[in-house]
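Thanks for coming. I will go through one structure this morning, a few pieces at a time. Please have a look at it first.

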Amino acid sequence: MTDAMPMTVKLAGIVDESVVDGPGVRLVVFAQGCPHRCRGCHNPHTWDFDGGTEVSIEQILLRVEANPILSGITLSGGEPFAQAPGFARLARKARRRGLSVMTYTGYTWEHLVDSLAPGVRDLLLATDILIDGPFISALADPGLPYRGSRNQRIIQVRDRVP
């Protein structure tokens with residue numbers, strides 16, 4: 001990873017404190033743009049790659065620093081891996097501040113590990129917990145922790161990055 005990585009990301013929004021998007025109290029960053037367009041998605045407003053707002057990574061980190069009770073950040077979407085270089089920078093800087101990073105993706109772990117797209121490996125390496133796989137409405141289960149459908153997995157990335 002180099003410092004030539006993007007200084008901004010395109011966002012659909014930010015939730016300053018959430019207790020449902022990962023362990024502890026988390027800042028949730030919603031990426032704008034998603035290629036998956038899962039049927040039954042609860043964030044369809046994030047699909048359009050032309051929507052959202054360009055936000056500097058430093059602005060997001062200022063929000064993190066303003067809240068001492070945060071235990072981590074969650075990267076959701078949209079699809080964070082569609083902006084992998086920028087989200088990798090954000091995740092790396094959050095981890096340097098002692099926060100855990102949880103990333104949601106509609107891609108599978110196997111797809112991401114095999115990907116040669118810029119920033120994908122960097123974002124994986126900066127992620128502690130990955131929720132992978134598309135939302136499948138036929139497999140929806142509201143009782144699952146941190147996931148919407150039974151096909152999605154909770155992956156402890158630190159134990160698995162090749």
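One definition before anything else. When I say helix here, I mean a DSSP run of H or I that is at least four residues long, and the helices are numbered from the N terminus. Also keep in mind that this is a predicted model.

I will start with helix 2, which covers residues 84–96 and has 13 residues. From its first C-alpha to its last, helix 2 reaches 18 Å, close to the 18 Å expected at 1.5 Å a residue. Just after helix 2 comes G98, which takes a positive phi of about 85°.

Is helix 2 largely enclosed or not? Of its 13 residues, 10 are buried, so helix 2 is largely enclosed by the rest of the structure. Among those buried residues are F87, L90 and several alanines, including A84 and A88. Charged residues are on the list as well: R89, R92 and K93 are buried residues of helix 2. What lies over them? The cover over the buried residues of helix 2 includes strand 1, strand 2, strand 4 and strand 5, along with helix 1 and helix 4.

Now stay with K93, because K93 is buried, with a relative accessible area of 16%. The structure holds six salt bridges, and one of them joins the side chains of K93 and E58, at 3.7 Å from N to O. K93 lies in helix 2 and E58 in helix 1, so this pair ties together parts that are 35 residues apart in sequence. E58, unlike K93, is partly exposed, with a relative accessible area of 38%.

Helix 1 also holds R63. R63 counts as partly exposed because its relative accessibility is 35%. Leaving aside neighbours within four places in sequence, R63 is in contact with I14, D16 and L27. The C-alpha atom of R63 is 16 Å from that of A31, and those two residues are 32 apart along the chain.

Next, a group of three charged residues. Which residues are linked in a network of salt bridges? They are E110, D132 and R153. Take the first pair: the side chains of R153 and E110 meet at 2.7 Å, N to O. That pair links distant parts of the chain, with R153 in strand 7 and E110 in helix 3, 43 residues apart. In the second pair, the side chains of D132 and R153 meet at 2.5 Å, N to O. D132 lies in strand 6 and R153 in strand 7, so this salt bridge ties together parts that are 21 residues apart in sequence. As for accessibility, D132 counts as buried at 1%. R153 is partly exposed, at 30%, and E110 is partly exposed too, at 38%.

Compare that with D21, in the loop between strand 1 and strand 2. D21 is buried yet has no salt bridge. Where is the nearest side chain of opposite charge to D21? That is R26, 7.8 Å away. D21 does have a polar partner: its side chain makes a polar contact with the side chain of S18, at 2.7 Å. Beyond four places in sequence, D21 touches R26, V28, T74, M102, Y104 and Y146.

Last, the cysteines. How many disulfides does a search of the whole structure find? Zero. C34 is in no disulfide, and the nearest cysteine sulfur, that of C38, is 6.1 Å away. C41 has its closest cysteine sulfur in C38 as well, at 6.3 Å, which is too far for a bond. The reasoning needs one cut-off: a disulfide is a pair of cysteine sulfur atoms within 2.5 Å. C34 is buried, with a relative accessible area of 7%, whereas C41 counts as partly exposed at 25%.

To recap: helix 2 is largely enclosed, E110, D132 and R153 form a network of salt bridges, and the search for disulfides comes back with zero. That is all I have.

Note on methods: Residues numbered from 1 in each chain as written. Predicted model: local features only at pLDDT ≥ 70, side-chain atom pairs only at ≥ 80, totals over all residues. Heavy atoms only, no water. Buried < 20%, exposed > 50% of the residue type's maximum accessible area, 1.4 Å probe, protein only. Helix = DSSP H or I, 4+ residues; strand = E, 2+ residues; numbered from the N terminus. Lys, Arg positive; Asp, Glu negative; His and termini not counted. Salt bridge = Lys/Arg side-chain N within 4 Å of Asp/Glu carboxyl O. Polar contact = N/O pair within 3.5 Å; in protein donor to acceptor, adjacent residues only side chain to side chain. Contact = heavy atoms within 4.5 Å. Expected span 1.5 Å × (residues − 1).
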